[in-house]
Amino acid sequence: MTTPSDYYLVTFTTNEGPYSWAWEIKRRSKPMDIRYTDSGFESKVSAEIAGTQLLKEFLEALAEEGKRKR
């Protein structure tokens, strides 16, 4: 069973043009079955803000799914 602290955000540059920053949600315990990522951000900060918001929403949805399975 994974916990919310098992998931984390990384930001990185794709080096593809002026809007080259991206984020990805990863899991510590094992690789995720899908890549949850977005790109096209102007700066590392803007990618972190967007990624942090999506990580929060992802964890909330994961918690809801866990409640339904009980």
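What follows is a chat between a trainee and a mentor about a predicted model.

Mentor: Ground rules before we start: it's a predicted model, where local features need pLDDT of at least 70 and side-chain atom pairs count only at pLDDT 80 or more, while totals for chains, interfaces and linings use all residues. Residues are numbered from 1 along each chain as its sequence is written, and side-chain values use heavy atoms, with hydrogens and water left out.

Trainee: What makes E1 and E2 a pair?

Mentor: Strands here are DSSP runs of E, at least two residues, and helices are runs of H or I, at least four residues, numbered from the N terminus. Two strands pair if DSSP finds at least two bridges between them. E1 and E2 have 7 bridges, in the antiparallel sense, and one of the matches puts Phe 12 opposite Ala 22. E2 (residues 21-27) also pairs with E3, over 5 bridges.

Trainee: And which strands are the edges?

Mentor: The open sheet runs E1-E2-E3. Strands E1 (7-13) and E3 (36-41) each pair on one side only, and those are the edge strands.

Trainee: How do you know whether Glu 24 is buried or exposed?

Mentor: Buried means under 20% relative accessible area, exposed over 50%, partly exposed in between (1.4 Å probe, protein chains only). Glu 24 has 8% relative accessibility, so it counts as buried. Glu 24 sits in E2, and 5 of the 7 residues of E2 are buried, so that strand is largely enclosed by the rest of the structure.

Trainee: What makes Glu 24 and Arg 35 a polar contact?

Mentor: You need a pair of N or O atoms within 3.5 Å; within protein, one must be able to donate a hydrogen and the other to accept it, and residues adjacent in sequence count only if both atoms are side-chain atoms. The side chains of Glu 24 and Arg 35 come in at 2.8 Å.

Trainee: Why is the Tyr 36 and Phe 58 pair called tilted?

Mentor: Rings of Phe, Tyr and Trp (its six-membered ring) pair if their centres lie within 6.5 Å; planes under 30 degrees apart are stacked, over 60 edge-to-face, and the rest tilted. By that rule there are 3 aromatic pairs. Tyr 7 and Phe 58 are edge-to-face, at 5.2 Å and 70 degrees. For Tyr 36 and Phe 58 the centres are 5.5 Å apart and the planes at 55 degrees, so that pair is tilted.

Trainee: Which of those rings are buried?

Mentor: Tyr 7 and Phe 58 both are. Phe 58 has a relative accessible area of 19%, whereas Tyr 36, at 26%, counts as partly exposed.
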